Amino acid sequence: MHRLQAPSPVPEVCVIIAARDAADTIATAIASALRQPEVAEVIVVDDASADRTGAAAAAADDGSGRLKLIRLSVNVGPAAARNRAIAAATAPLLCILDADDHFVDGRLGRLLSAPRTWDLIADDIIMVRGREAGSAAGLVTGPGRPQRLTLATFVAGNIPRPGAYRRELGFLKPVMRRGFLERQGLRYDVRLRLGEDYALYVEALAAGAVFAVTAPCGIVAVERANSLSAQHRTDDLAAILAFDDAMLDRPGLTPDARAALRAHRTATAKRWQHRRVLDRRRAQGYAAAVRELLGTPMAWRHILSVTLAAKLARLMPAAAPDREIRPRLLLGPERRLEPVR
């Protein structure tokens, strides 16, 4: 009696990796993607790196013919780099992977086993701090029952909470249907070098996308203090403000979505005003910074609380070792969304 074999996974996913000066991590990211049977192609865009990122990426090729490397001579930023990869992609599903993150084996198989009623589907992210990456697989549970992100829930979930770990929903790295992006004319906003994921997902949700979120299937993000997402430059925040303003001018939004966008804009404006105070201090001294602060009364509480928290953090002893090495989930069990129907 012959035992029936399970069908082989269909290679239908293009993994996109935009990389700049990522020579130390790019090989791990590429190898983790190439080990996924569902991957038809991995497109790496070397965004004018000054180190050996391109060489390290080429050396990670497994000989299967699935790795494509695009080298840029001028730095264009993650949004434009990803758009270059989308233009070169042929697979029907697109999946973004940051150059310093990686997949646990089987991640895409678990994620794509969920019912395919979605336009975008993401799993909870396992957040680690470098040396603890080997223990991340212990948090993989499989998709479970997918939940649905609404536009209002997503936008509200991108407002940071002072004194807490960063848990913005814009960090999610979904698998996206390329056909949906094509029909809606969606691409990453090249004016943004920070928050480009947030902007794309907001536009997709505003266009009616079904965005499903599952329990952790195996994407691991390494938290680094010097990552691009942790660096909020004044111009970057101003660009996000402009994006929120444009969305608020868009007709047809629900009242709760519009309220969430206004709250996100307010929170971003406070961080932008904080950066302006810091810029003025560096350029013209403390007196000029105080004058700038006096001109932004609505941001006083935010600026003073953030400044006080930073000073207290420098005075407090380092966190306990067991906390430092324990992986955590981006969303966690307390984040409740709507079931996908």
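**Exercise 1. Cysteines**

In this predicted model, work out how far the sulfur of cysteine 14 is from the closest cysteine sulfur, and what that says about a bond.

*Solution.* Start with the chemistry: a disulfide is a covalent bond between the sulfur atoms of two cysteines. Next, find the partner candidate: the closest cysteine sulfur to that of cysteine 14 belongs to cysteine 95, at 9.0 Å. Now apply the cut-off, which asks for two sulfur atoms within 2.5 Å. The separation is therefore too far for a bond. Looking from the other end, cysteine 95 is in no disulfide either. The count for the model comes to 0 disulfides. As a last step, check the surroundings: cysteine 14 is buried at 0% relative accessibility, and cysteine 95 is buried with a relative accessible area of 0%.

**Exercise 2. A salt bridge and its place in the fold**

Find which parts of the chain are tied together by the pair arginine 82 and aspartate 98.

*Solution.* First the geometry: the two side chains, arginine 82 and aspartate 98, form a salt bridge with an N to O distance of 3.0 Å. Then locate each end. Arginine 82 sits in helix H3 (residues 78–88), while aspartate 98 is in the loop between strand S4 (93–96) and strand S5 (102–103), so the pair joins parts that are 16 residues apart in sequence. Now compare exposure: arginine 82 is buried at 4%, whereas aspartate 98 is partly exposed at 23%. Finally, widen the view: Arg82, Asp98, Lys173, Glu196 and Asp197 are linked in a network of salt bridges. The model has 15 salt bridges by count.

**Exercise 3. Two further pairs**

For the salt bridge of aspartate 189 and arginine 191, give the N to O distance, then decide whether aspartate 189 is buried or exposed.

*Solution.* The distance is 2.9 Å. Aspartate 189 has a relative accessible area of 13%, so aspartate 189 is buried. Its partner arginine 191, at 68%, counts as exposed. For practice, set beside it the pair glutamate 182 and arginine 187, at 2.8 Å. Here glutamate 182 is partly exposed at 40%, and arginine 187 is partly exposed at 28%.

**Exercise 4. Helix packing**

Describe how helix H7 and helix H8 pack.

*Solution.* Begin with the axes: H7 (residues 196–206) and H8 (residues 234–248) pack at about 5°, with axes 11 Å apart. H7 is therefore roughly parallel to H8. Next, list the contact: H7 supplies Tyr198, Ala199, Val202, Glu203 and Ala206, and H8 supplies Phe243, Asp244 and Met247. Sorting these by class gives 6 nonpolar, no polar and 2 charged residues.

Methods: Residues numbered from 1 in each chain as written. Predicted model: local features only at pLDDT ≥ 70, side-chain atom pairs only at ≥ 80, totals over all residues. Heavy atoms only, no water. Axes fitted to C-alpha atoms, helices over the stretch in contact; angles between N-to-C directions. Helix = DSSP H or I, 4+ residues; strand = E, 2+ residues; numbered from the N terminus. Parallel < 35°, antiparallel > 145°, perpendicular 65-115°, else oblique. Contact = heavy atoms within 4.5 Å. Nonpolar A, V, L, I, M, F, W, Y, C, P; charged D, E, K, R; others polar. Buried < 20%, exposed > 50% of the residue type's maximum accessible area, 1.4 Å probe, protein only. Salt bridge = Lys/Arg side-chain N within 4 Å of Asp/Glu carboxyl O.
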